[in-house]
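Please open the model in your viewer and keep the selection panel at hand, since each stop on this tour begins with something to select.

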Amino acid sequence: MSFMERVLFGIAITGTVSSTIYCLMVVMATLRFAVRKRREEREAAAEREFLPPVSVLKPMHGTELGMEANLVSFFEQEYPEFELLFCARHETDEGLQLAQRVAARYPKVKARFVTCGEPVPQFHNAKVFSLAKLDSVAAYALYVTSDADVRVEKNYLRRMVQYLKRPEVGLASCVYLGTVQEIAGEIGGKSRFTSRLDAVGKSVEMTSGALVADMLEGTKFALGATMSLRKRSFQDAGGFQELGQYYADDFIIGNRLAGLGIGVMLATHVVHLMVEDQPFWLSFRNQLRWMQSTRRSRPWGHLGTGLTFAMPFGLLGLLWGLMTGHAVGGLLWLLGMTANRWLQAGTVLAVLGEKDWLRGMVIYPLRDLLGTILWLGSYGGDRFYYRGTIYRMLEGGRVEVRE
């Protein structure tokens, strides 16, 4: 082999070995999660549940397809005493107004609506600014936070609050199934293929990393789609003004609480994260923003993520085979890496309870390839656009607004 062919083979075999090891770790971590999930479900059925009053904090900013159904799922919670608190920047916010209309259909549910105005300069994270306002009006000491694109089952509050039964636990967050609105039956027609790739990436890629990390070193992070936590946990993690300096405030609060020896848990309850059916460029931009955030928040871990992808190394193996006259071997290499991703995605989606897990499994190799492109793109710049504002990502995951 020529020098170039040896280099190509070396890169391809290194990535093949690392991604295969990672895939096996994901399978082990996911099966471990499945066992714990069944055990917790049995315990919940056998024991008297812990049902303290709880405040549900929901920051709002605008509206999107399917949000009404998301909100309804919170108003229909089967829980004895809770309040729903909504905060937007202004009373004219469409999301806040939608929440008020939904609340009118559920007069027996306690719901309050507040505004916080535009974030002050110390708060580059507008969501945290809204949470600070909600914290100031909440009636109870136990919180559940939730993004507007989360949709839940009727037992959601019962399941999430159970983790706070142990006084040493300060926070619990959960993994989620990415679900495109059309797949959920919101509107007719088929969703964009790229939106389905985004959804399966949120289900498999995010869950895989979280479960493996939990298996290897315990939970030292939080997933911000929804969390159950104590009122004091925000202050234990540095306070709202400090957390408001970060884009990935969920990772920071979980990481800091874990660093203080306060229990942080990965719940076995699974929620739906509704993915809007968007044009490819918009979906790509949003996913790239998260990759940029991860790169700054966990630089070494993010760098190592490059070795967890499989499809790029399968393609390099195919290229090596074509260059060296081993076309069949190269093709088998690519097929092996495809099977690698099928195994990972199929295991994760089945355990999470995805009804359409087979379709997600089939398309996941393409998502793996797209994930590699996004990972490479995360090293290309430090500016991103989000909800009408341009931000600059700083070292450590802090952000600043760019004029």
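A salt bridge, as the term is used here, is a side-chain nitrogen of Lys or Arg within 4 Å of a carboxyl oxygen of Asp or Glu. Please keep in mind throughout that this is a predicted model. By the salt-bridge criterion the structure holds 15 salt bridges, and the tour visits some of them before turning to a strand.

Select Glu118 and Arg89 to begin with, and you will find a salt bridge whose closest N and O atoms are 3.2 Å apart. This pair links distant parts of the chain, since Glu118 sits in the loop between strand S3 (110-115) and helix H4 (126-137), while Arg89 sits in the loop between S2 and helix H3 (94-104), 29 residues apart. Glu118, at 44% relative accessibility, counts as partly exposed, whereas Arg89 is buried, with a relative accessible area of 17%.

Next, select Glu205 and Arg367, whose side chains meet in a salt bridge at 3.1 Å, N to O. Because Glu205 belongs to helix H6 (residues 193-217) and Arg367 to helix H14 (residues 357-377), the pair ties together parts that are 162 residues apart in sequence. Colouring by accessibility should show Glu205 as partly exposed, with a relative accessible area of 22%, and Arg367 as buried, with a relative accessible area of 4%.

Now move to helix H1 (residues 3-46) and pick out Glu40 and Arg36, which both lie in this helix, four residues apart, or about one turn. Glu40 forms a salt bridge with Arg36, and the closest N and O atoms are 2.9 Å apart. Are these two residues buried or exposed? Glu40 is buried at a relative accessible area of 14%, and Arg36 is buried at 15%.

For the last stop, select strand S1 (residues 54-59), which is mostly covered, with six of its six residues buried. Val54, Val56 and Lys58 point one way from S1, while Ser55, Leu57 and Pro59 point the other way. Add strand S2 (residues 82-88) to the selection, and you will see that S1 and S2 run parallel and are joined by six bridges, with Val56 standing opposite Leu84 in S2. If you also show helix H2 (residues 67-75), the three elements S1, H2 and S2 make a right-handed β-α-β unit. Finally, bring in strand S4 (residues 142-146), which pairs with S1 in the parallel sense over three bridges, and note that Val56 also stands opposite Val144 in S4.

Technical notes. Residues numbered from 1 in each chain as written. Predicted model: local features only at pLDDT ≥ 70, side-chain atom pairs only at ≥ 80, totals over all residues. Heavy atoms only, no water. Buried < 20%, exposed > 50% of the residue type's maximum accessible area, 1.4 Å probe, protein only. Helix = DSSP H or I, 4+ residues; strand = E, 2+ residues; numbered from the N terminus. Pairing = 2+ DSSP bridges. Right-handed = clockwise from strand over helix to strand, strands pointing away.
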